[in-house]
Amino acid sequence: MDEKSSSSRLLIALLMVLLFGVIVLQYVCPSSDCQLLHLGSLSSKFGLGSPGYRAAGIGGRNAAGAGDPYVAEDGALARFVPRFNFTPDDLGRVVDFNIKGDDVIVFLHIQKTGGTTFGRHLVRNIQLERPCECHAGQKKCTCYRPGKKETWLFSRFSTGWSCGLHADWTELTNCVPSVMNNRESAEMHTSPRNYYYITILRDPVWRYLSEWRHVQRGATWKASLHVCDGRAPTLAELPSCYPGDDWSGCSLEEFMACPHNLANNRQTRMLADLSLVGCYNSSGTSEGERGAALLESAKRNLRRMAFFGLTEYQRKTQYLFERTFRLAFIAPFTQLNGTRAASVEVAAETQRRIRELNRWDVELYEYARDLFLQRFQSARQQERREARQRRLLERRRLRARAPPRRTGPAAPPRTTQPAPEPTQGEGDVEDPWWGDGDENGAAEDYLDNVEQW
């Protein structure tokens with residue numbers, strides 16, 4: 001009987017421990033995704049994983065030493081030859097982002113560029129003092145500033161499609177300030193906000209093929225507003241490529257044959273200021289003039305954006321975002337090449353036609369890739385300079401704190417004797433400069449200069 005009662009007590013104890021563990025787990029990870037990665041924020045109390053512990057430029061990783069996760073990314077650029085000339089301001093994109101102040105990140109999400117994955121990184125994978133709250137069954141997360149009920153992120157997964165489905169540059173720049181003012185009343189927010197626009201680009205051919213496969217499965221994006229200069233385009237300005245509710249089952253040839261297909265040069269159009277070309281009314285200009293104007297506008301906006309990334313360079317995208325905004329991701333980005341577009345076998349002639357249909361996007365992507373890789377190189381070089389400077393300052397600080405050298409007792413004074421006349425075979429007299437006592441200081445100055453070089 002005693003044996004049975006002791007077994008029952010043991011079983012009850014185990015059940016209580018299990019129940020306690022479930023309660024703790026629900027407290028730590030309230031969402032269904034249970035992001036245990038957010039436990040990394042606890043390590044900041046011990047100096048780990050915090051922005052001060054992150055890479056140089058974010059803090060503590062040694063760019064030249066072991067443990068640097070981006071050494072392989074440096075080696076991948078060995079054959080990169082820049083084609084475009086950019087100013088130092090174009091390359092040195094580091095913004096003074098203050099999540100506790102009035103700054104807002106605005107994510108311009110272009111279709112089929114990997115923006116959904118990046119958008120989830122923004123709400124679920126950034127190490128923050130106050131992480132975004134994401135709950136089961138809800139598509140949007142609440143991303144408030146520490147100590148305030150104000151959002152610091154304008155994106156699909158935080159504020160939803162508040163300016164329309166996949167709103168472009170023209171829509172966002174005219175819509176975001178008013179939407180933010182409506183969301184947060186004047187009593188809550190009195191000072192003006194700073195908006196930092198970001199986006200992700202992708203190789204035009206693979207992006208185009210990915211959009212075709214998405215439309216083939218029934219996607220339409222009919223909810224997109226395409227508002228420009230205060231109005232939506234008319235049916236004559238923006239005709240439909242299909243008569244029914246959707247274009248499911250369309251072939252690639254049919255997709256390419258529609259002259260009004262918004263998939264053509266989508267990235268250029270969505271990054272440009274459409275007001276410069278009369279919005280969607282193309283009757284006043286030729287196709288070539290219109291495309292050239294949109295391309296130059298898209299390049300200019302891309303240069304001025306706080307940040308942009310490339311789908312084909314996930315790790316470099318992570319690095320540049322972290323360095324630009326001084327924010328650290330919890331888990332590293334992964335490069336996934338097994339997309340639906342990659343599984344499509346496309347003949348070389350078809351790829352050539354796709355590139356011709358998207359010639360403005362092709363030129364924009366080449367320009368963006370060059371700027372992106374130059375920014376990465378420039379940031380890495382600056383990181384190494386900062387690391388060397390920190391090491392130099394640390395050595396100087398340690399030398400300043402070191403106790404002075406001990407000197408022996410003073411030698412008794414010696415009587416001066418006249419120097420004997422040198423005889424043949426006797427050694428030369430030592431030059432006084434050789435042992436002037438300043439050898440150590442000169443060597444230290446030399447080492448300091450070598451460090452600076």
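A disulfide is a pair of cysteine sulfur atoms within 2.5 Å. In this predicted model, the sulfurs of Cys132 and Cys143 lie 2.1 Å apart and meet that cut-off, so the two residues are joined by a disulfide. The structure holds five such links, and three of them are followed here, along with a cysteine that stays unpaired and several salt bridges.

The torsion about the S-S bond of Cys132 and Cys143 is about 115°, which means that this disulfide is right-handed. Both cysteines sit in the loop between strand E2 (126-127) and strand E3 (153-154), so the bond ties together parts that are 11 residues apart in sequence. Cys132 has a relative accessible area of 6% and is buried. Cys143 is also buried, at 2%.

The next link joins Cys163 and Cys175, with 2.0 Å between the sulfur atoms. Its torsion about the S-S bond is -90°, and the link is left-handed. Cys163 lies in the loop between E3 and helix H5 (169-183), while Cys175 belongs to helix H5, 12 residues apart. Both ends are buried: Cys163 has a relative accessible area of 6%, and Cys175 has 16%.

Cys241 and Cys258 form a further disulfide, with their sulfur atoms 1.9 Å apart. Here the torsion is about -80°, so the disulfide is left-handed. Cys241 comes from the loop between helix H6 (204-216) and helix H7 (252-257), and Cys258 from the loop between H7 and helix H8 (266-271); the pair therefore ties together parts that are 17 residues apart in sequence. Cys241 is partly exposed at 23% relative accessible area, whereas Cys258 is buried at 9%.

When the bonded cysteines of the chain are numbered in sequence order, the pairing reads 1-4, 2-3, 5-6, 7-10, 8-9. Cys250 takes part in no disulfide, and the nearest cysteine sulfur, that of Cys241, is 9.2 Å away. Because its relative accessibility is 2%, Cys250 counts as buried.

Charged side chains come next. Side chains of opposite charge can pair when their charged atoms come close. The structure holds 21 salt bridges. In one of them, the closest N and O atoms of Glu287 and Arg359 are 3.3 Å apart. Glu287 lies in helix H9 (residues 287-304) and Arg359 in helix H12 (residues 359-401), so this salt bridge ties together parts that are 72 residues apart in sequence. Glu287 is exposed, at 59% relative accessibility, and Arg359 is partly exposed, at 31%.

Helix H12 also takes part in the salt bridge of Arg355 with Glu366, whose closest N and O atoms are 4.0 Å apart. Arg355 is in helix H11 (residues 348-357) and Glu366 in helix H12, 11 residues apart. Both are partly exposed, Arg355 at 38% relative accessibility and Glu366 at 33%.

Within helix H9, Glu296 and Lys299 are three residues apart, so about one helical turn separates them. They form a salt bridge with 4.0 Å between the closest N and O atoms. Glu296 is partly exposed, with a relative accessible area of 44%, but Lys299 is buried, at 8%.

Salt bridges can also be followed through a network: Asp68, Asp74, Arg380, Glu383 and Arg384 are linked in this way.

Note on methods
Residues are numbered from 1 along each chain as its sequence is written. This is a predicted model: local features need pLDDT of at least 70, side-chain atom pairs count only at pLDDT 80 or more; totals for chains, interfaces and linings use all residues. Side-chain values use heavy atoms; hydrogens and water are left out. Helices (H or I, at least four residues) and strands (E, at least two) are DSSP runs, numbered from the N terminus. Buried means under 20% relative accessible area, exposed over 50%, partly exposed in between (1.4 Å probe, protein chains only). A salt bridge is a side-chain nitrogen of Lys or Arg within 4 Å of a carboxyl oxygen of Asp or Glu.
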